[in-house]
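Trainee: I have a model open in front of me and would like to learn how to read its features one by one. Could we go through it together, starting with a single residue and ending with the whole chain?

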Amino acid sequence: QLANDLRRFKWLDDSALSLAAAHPSLGLERAESTAALATLSLALLDHPLLSRNNMLSLLERPAFAPQLAALSDVFAARFDPTSPMDDAAFGAAIDDFDKSVAVGFQAEESRSLLHAMGRCLRHTMRTNAPLAESRRALALRLDPALFAQPISQHAPHVLQLPYGVFFVAGRHFSSFHVRFADVARGGLRVVAPADSEAHVAESRRHFLECLNLAWAQQLKNKDIPEGGSKGVCLVTPGSSSKERAELLHGSVKATIDGMLDLISPGALARLGEAAEAPADRVGRGPEQIYLGPDENITPDDIDWVVHRAAERGYARPAAFMSSKPAEGINHKEFG
């Protein structure tokens with residue numbers, strides 16, 4: 001276990017490390033999944049006391065230890081490649097978790113946060129969590145129904161649920177990718193807030209920004225066969241220009257690797273899912289993702305993404321990201 005923890009340590013966000021320190025019995029892997037579910041839950045919450053920083057501080061309190069341990073145990077059991085928890089047992093376990101929260105907490109913000117984390121897990125369809133020895137970040141493929149309520153409340157102009165949503169959480173970044181059709185195209189951008197205050201604000205609207213951009217692309221693509229999509233990677237502020245540049249490029253690589261963990265044949269086999277299967281929890285066979293460059297994506301990033309997709313055995317690596325420097329149309333030059 002120590003060897004596994006040492007391998008994972010450099011890829012873990014400070015939020016996961018802080019949770020592991022506050023609740024030693026969790027361990028690093030369970031703290032990582034807990035921190036990711038908490039960060040994801042910001043997409044569902046509209047509570048003045050639940051900013052990203054306040055939320056993570058709240059979870060470090062001793063009273064939360066039993067619920068966090070229970071939720072992370074369900075997460076691990078559900079996605080155990082050798083013996084995954086079945087649907088009935090999984091649903092019952094989440095129901096039991098919700099009941100324990102209702103009984104164990106009086107404060108509205110505590111209940112809201114934990115219930116939101118439970119909903120995030122209930123709607124997680126696939127994760128790369130079992131690939132702990134090789135992955136750079138924790139990636140989740142989510143059931144878009146998770147976002148029905150925030151979309152109806154805050155984005156009523158979006159007239160349909162997304163087709164698919166990915167969420168990736170890693171060291172000093174988190175990313176969403178939203179698409180409105182099976183075959184959909186749109187850019188990947190990196191948002192780098194100037195300071196911690198701006199980062200807290202961006203964290204609140206991270207999903208909605210990605211959603212709105214994907215919907216705008218869906219409308220733009222109305223006359224072509226492809227639907228619209230968007231990826232938004234949000235990074236924490238760096239202390240120097242060099243650190244910022246390393247973080248921008250590193251977050252792109254970790255986001256892409258996390259998504260490839262959930263769509264490339266070799267990784268799917270290691271997760272216990274046959275890549276050629278006609279359907280699984282996601283409701284279909286292997287997914288195809290088509291990206292383009294957007295803000296803070298460089299030609300070197302584009303080359304790395306395509307080469308990495310080929311290394312990982314992705315079915316159509318050359319199509320994984322457009323605007324490659326040596327071929328295709330340069331979007332930055334021609335639009």
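**Reading the model step by step**

Mentor: Let us begin with Asp294, which has a relative accessibility of 17% and therefore counts as buried, since buried means under 20%. Please keep in mind throughout that this is a predicted model.

Trainee: Where is Asp294 placed?

Mentor: Asp294 sits in the loop between β7 and α12. Its C-alpha atom is separated by 4.7 Å from that of Arg189, although the two residues are 105 residues apart along the chain.

Trainee: Which other residue of that loop has a feature I should learn to read, and what is its phi?

Mentor: Asn296 is found in the loop between β7 (290-293) and α12 (299-311). Most residues other than glycine have a negative phi. Asn296, however, is not a glycine and has a positive phi of about 65 degrees. With a relative accessible area of 31%, Asn296 is partly exposed.

Trainee: What is the phi of His172, and where does that residue lie?

Mentor: His172 also has a positive phi, near 65 degrees, and it is a residue other than glycine. The loop that holds His172 runs between β3 (164-170) and β4 (173-179), and the relative accessible area of His172 is 24%, so this residue is partly exposed.

Trainee: How should I read a list of contacts, for example that of Leu262?

Mentor: A contact is counted when heavy atoms come within 4.5 Å. It helps to establish first where the residue is: Leu262 lies in the loop between α10 (241-261) and α11 (265-270), and because its relative accessibility is 0%, it counts as buried. Leaving aside neighbours within four places in sequence, Leu262 is in contact with Arg126, Thr127, Asn128, Ala139, Leu140, Arg141, Phe166, Leu268 and Leu271.

Trainee: How many residues separate Leu262 from Ala315 in sequence, and what is the distance in space?

Mentor: They are 53 residues apart in sequence, and their C-alpha atoms are 13 Å apart in space. For another pair, Asp95 and Arg126, the separation is 31 residues in sequence and 20 Å from C-alpha to C-alpha. Asp95 belongs to helix α6 (residues 87-104) and is partly exposed, with a relative accessible area of 36%.

Trainee: Is His199 buried or exposed?

Mentor: His199 counts as buried, at 7% relative accessibility. Its place is in helix α9 (residues 196-220), and, apart from neighbours within four places in sequence, His199 is in contact with Arg52, Pro193, Leu234, Val235, Thr236 and Pro237.

Trainee: What comes between α9 and β6?

Mentor: A loop lies between α9 and β6 (227-235), and Asn221 is in it. Asn221 is buried, with a relative accessible area of 9%, and, not counting residues up to four places away in sequence, it touches Arg185, Glu226, Gly227 and Gly228.

Trainee: How can I compare the span of a helix such as α3 with what it should be?

Mentor: One sets the expected span, at 1.5 Å a residue, beside the distance between the end C-alpha atoms. For the 15 residues of helix α3 (residues 27-41) the span should be 21 Å, and the end C-alpha atoms are 21 Å apart, which agrees. The 14 residues of helix α5 (residues 65-78) should span 20 Å, and here too the distance between the end C-alpha atoms, 20 Å, agrees.

Trainee: How many residues of α3 are buried, and which ones are buried in α5?

Mentor: Helix α3 is mostly covered, with 12 of its 15 residues buried, among them Leu28, Glu32, Thr34 and Leu40. In α5 the buried residues are Gln67, Leu68, Ala69, Leu71, Ser72, Val74, Phe75 and Arg78.

Trainee: Finally, what can be said about the chain as a whole?

Mentor: The chain has 14 helices and seven strands. Its radius of gyration is 19 Å, close to the 20 Å that the globule rule gives for 335 residues, so the chain is as compact as a globular protein of that length. Its C-alpha atoms fill a box of roughly 60 × 45 × 45 Å along the principal axes, and buried residues make up 52% of the 335 residues. Of the contacts with a separation of 6 or more, 69% come from residues 24 or more positions apart.

Conventions
Residues are numbered from 1 along each chain as its sequence is written. This is a predicted model: local features need pLDDT of at least 70, side-chain atom pairs count only at pLDDT 80 or more; totals for chains, interfaces and linings use all residues. Side-chain values use heavy atoms; hydrogens and water are left out. Helices (H or I, at least four residues) and strands (E, at least two) are DSSP runs, numbered from the N terminus. The radius of gyration is taken over C-alpha atoms; the globule rule is 2.2 Å times the number of residues to the power 0.38. Buried means under 20% relative accessible area, exposed over 50%, partly exposed in between (1.4 Å probe, protein chains only). The expected span of a helix is 1.5 Å times one less than its number of residues.
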